[in-house]
Amino acid sequence: MRQELPHIIPSPQPEVAETFSTYQTTHEFYYEVQQRLDFQRHCEWYNATAEHHRQELKKMRGELNIFRWFLRRF
């Protein structure tokens, strides 16, 4: 029975393992590059949005606040 197993379950060929290893390394590299690009785009978007909000806040602080008249306590 043990003599039949090598014919049923072939041993992996060295070139197949090397090819798979190369493919896996390449896949991991491109995945890492994509993750870094996505993070960089997110940081750029976040900084642009934060700057826009800062400008809006500065503009709002300069405007007349009508609600302050209604909420004024003496």
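**Group meeting: a predicted helical model**

I will start with one residue: at a relative accessible area of 37%, Glu 51 is partly exposed. Partly exposed here covers the range between under 20%, which is buried, and over 50%, which is exposed. Please keep in mind that this is a predicted model.

Glu 51 has a partner. Its side chain meets that of Arg 54 in a salt bridge, at 2.7 Å from N to O. The two residues sit in helix α2, 3 residues apart, so about one helical turn separates them.

Now the whole protein. How many helices and how many strands does the secondary structure have? The count is 3 helices and 0 strands, and from the N terminus the order is α-α-α. Helix α1 covers residues 5-8, helix α2 covers residues 14-62, and helix α3 covers residues 67-71.

How far can we trust these parts? The average pLDDT of the protein is 84, and 81% of the residues score at least 70. Confidence is highest in α2, at a mean of 93, and lowest in helix α1, at 57. Where pLDDT is low, the coordinates should not be read in detail. For that reason I will say little about helix α1, with its mean of 57.

Next, burial. The protein has 74 residues, and 1% of them count as buried. Its accessible surface is about 8200 Å², with 60% of that belonging to carbon and sulfur atoms.

Back to the charged side chains. Side chains of opposite charge can pair when their charged atoms come close. In the whole structure, a search finds 3 salt bridges. You have heard about Glu 51 and Arg 54, so here are the other pairs.

Glu 32 pairs with Arg 36, and their closest N and O atoms are 2.8 Å apart. These residues lie in helix α2 with a spacing of 4 residues, which means about one helical turn between them. Are the two partners buried or exposed? Glu 32 is partly exposed at 38% relative accessibility, while Arg 36 is exposed at 57%.

Then there is Asp 38 with Arg 41, a salt bridge at 3.1 Å from N to O. Here the spacing in helix α2 is 3 residues, again described as about one helical turn. Asp 38 is partly exposed, at 31% relative accessibility, and Arg 41 is partly exposed too, at 48%.

Now the aromatic rings. A pair of such rings is described by the distance of the centres and the angle of the planes. The count for this model is 1 aromatic pair. Phe 29 and Tyr 30 make up that pair, with centres 5.4 Å apart and planes at 75°, an edge-to-face arrangement. Tyr 30 counts as exposed because its relative accessibility is 55%, above the 50% cut-off.

Last, the surface toward the other end of my list. Which residues form a nonpolar patch on the surface? They are Leu 64, Ile 66, Phe 67, Trp 69, Phe 70 and Leu 71, and together they have about 810 Å² of accessible area. Phe 70, one of them, belongs to helix α3. At a relative accessible area of 66%, Phe 70 is exposed.

To sum up: we have 3 helices and no strands, 3 salt bridges, 1 aromatic pair, and a nonpolar patch that includes Phe 70. That is all I have.

Conventions:
Residues numbered from 1 in each chain as written. Predicted model: local features only at pLDDT ≥ 70, side-chain atom pairs only at ≥ 80, totals over all residues. Heavy atoms only, no water. Patch = residues over 30% accessible without salt bridge, like charges linked within 9 Å, V, L, I, M, F, W, Y side chains within 5 Å. Areas by Shrake-Rupley, 256 points an atom, 1.4 Å probe, with all protein chains shown as cover. Salt bridge = Lys/Arg side-chain N within 4 Å of Asp/Glu carboxyl O. Buried < 20%, exposed > 50% of the residue type's maximum accessible area, 1.4 Å probe, protein only. Phe/Tyr/Trp six-rings, centres within 6.5 Å; stacked < 30°, edge-to-face > 60°. pLDDT = per-residue confidence, 0-100.
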